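Good morning, everyone, and thank you for coming. Please take a moment to look at the sequence and the structure before I begin.

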Amino acid sequence: MRTLKLAMLGCGTVGAEVVRLLHQHGDELAARVGARLEFAGIAVRRLGVDRSDLPVPGEIFTDDAMSLIERDDVDVVIEVVGGIEPAREWLVAALKSGKSVVTANKALLAEDGASLQAAAAEGGADLYYEASVAGGIPLLGPLRESLHGDRITRVMGIVNGTTNFILSAMDSNGTGFAEALEEATALGYAEADPTADVEGYDAAAKAAILASLAFHTPVSAADVYREGITEVTAADVASAQTIGCTVKLLCIAERQVGADGAESVAVRVHPAMIPRSHPLAGVTGAFNAVFIEADAAGELMFYGRGAGGAPTASAVLGDVVAVARHKLTGVRAAGDTSYARLPVRPIGEAITRYHLSLEVADRAGVLAAVASEFAATGVSIRTVKQEGRGADATLVVVTHVATDAALSSTVDRLRRLDAVRNVLSVMRVEGET
């Protein structure tokens, strides 16, 4: 049986699991591919680290990634280092030389996926990246292949396990953000520096990748509107519960059609209230799920572990099997298409709803004054109720759908209204309630 050689860049949590799984399931993988898969080398930053627990010989490790990539006997390059540089230089070189690449690098794909696709086309190589979004959940394959014959209208999901764990804890225990983050850190769900997760950067990179595939349009992380969850309070979560909702950090990419019939794409990441009847509301803990709406297939949901060494390694090896088969048969998978090149709309043109909590003066005419500000911006009120009396009087307003710009303008007007003492909370609402 022929042997295909793999070069792996990085050997951290995910890389180590790739090594273990390849060793454990080597015979089965060989049967699926039609060739044995073996490591030609593994590039690491520090050679002195003890890796004796891994089922590969110590001499296989090197700190010269480029020399490993350039070896003539390497067929496939696996990249699990992350970051922009030097990963971009390595992968472009590999692809241009005709070596297929499997990567989990969401940051690079979201910032400059176009250069990788161009290098793959130039070298006639495959570029696969299932592990870059939602860990072990088979999601990108269906988007780039199974749903290629359909028209996707919306992708909405929970794509960051850390933030989902935190918000789930706040919802079930009534704790604040700081306490829930402390629990997530203690259990290993949050990094020592959780900024990329809790501020939404990780989810924004994944949103860009999903939108690019779903709408055949180049979308970068810079195109994605982003808000994190650091400002979500226990009061926000409690308010959501009163209207039958829960709070999630959502990645939303949707196709929009203007009055002139022209299509565009809106991509955003932010906390939002969703009704408990929605399938995403039941996704708790560190799990991920993505909900897809398409013209013909209807509603689909993909659910599972969105992070962790073993699930992500599973996705990596799934891609390795695919590109290895192509190597044996001398074919290349069709590259990602960006023929549509739809304009990406700013957040102000996104269609959504708001949930507002307003501390107001408890006197006659206040409701009418508040309603007039909504009317001035053309925003319709769906429900309104007063909680408390006197100094504790609060109005809770849920709007009908409107552009985010109109809703934001309404909030600005309310802040200047004499009858409104304070805008306590503003949060978007997605789905039906």
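How many residues lie between strand 15 and strand 16 in the hairpin that they form? As you look for the turn, please keep in mind that this is a predicted model. There are six residues between the two strands, and Gly-388, which sits in the turn, has a positive phi of about 80°.

Let me stay with this hairpin a little longer. Strand 15, which covers residues 381-387, pairs with strand 16 in the antiparallel sense over six bridges, and within this pairing Ile-381 has Thr-399 in strand 16 as its bridge partner. Strand 16 also pairs with strand 14, residues 351-360, again in the antiparallel sense, here over five bridges, and Leu-358 stands opposite Leu-395 of strand 16.

Is strand 16, then, buried or exposed? Six of its six residues, 394-399, are buried, and this holds for both faces, with Thr-394, Val-396 and Val-398 on one side and Leu-395, Val-397 and Thr-399 on the other.

I would now like to turn to a pair of helices. Helix 2, residues 26-33, packs against helix 12, residues 309-329, at an angle of about 40°, with the axes 9 Å apart, and the two helices are therefore oblique to each other. Their crossing is right-handed. On the side of helix 2, the residues that meet helix 12 are Leu-29, Arg-32 and Val-33, while helix 12 contributes Leu-317, Val-321, Ala-324, Arg-325 and Leu-328. Sorted by character, the residues of this contact are six nonpolar, no polar and two charged.

Thank you for listening.

How values were computed:
Residues are numbered from 1 along each chain as its sequence is written. This is a predicted model: local features need pLDDT of at least 70, side-chain atom pairs count only at pLDDT 80 or more; totals for chains, interfaces and linings use all residues. Side-chain values use heavy atoms; hydrogens and water are left out. Axes are lines fitted to C-alpha atoms, for helices over the stretch in contact, and angles run from 0 to 180 degrees between N-to-C directions. Helices (H or I, at least four residues) and strands (E, at least two) are DSSP runs, numbered from the N terminus. Angles under 35 degrees count as roughly parallel, over 145 as roughly antiparallel, 65 to 115 as roughly perpendicular and the rest as oblique. A crossing is left-handed if the near helix is turned anticlockwise from the far one by less than a right angle, and right-handed if clockwise. Contact means heavy atoms within 4.5 Å. Ala, Val, Leu, Ile, Met, Phe, Trp, Tyr, Cys and Pro count as nonpolar, Asp, Glu, Lys and Arg as charged, and the others, Gly among them, as polar. Buried means under 20% relative accessible area, exposed over 50%, partly exposed in between (1.4 Å probe, protein chains only). Two strands pair if DSSP finds at least two bridges between them.
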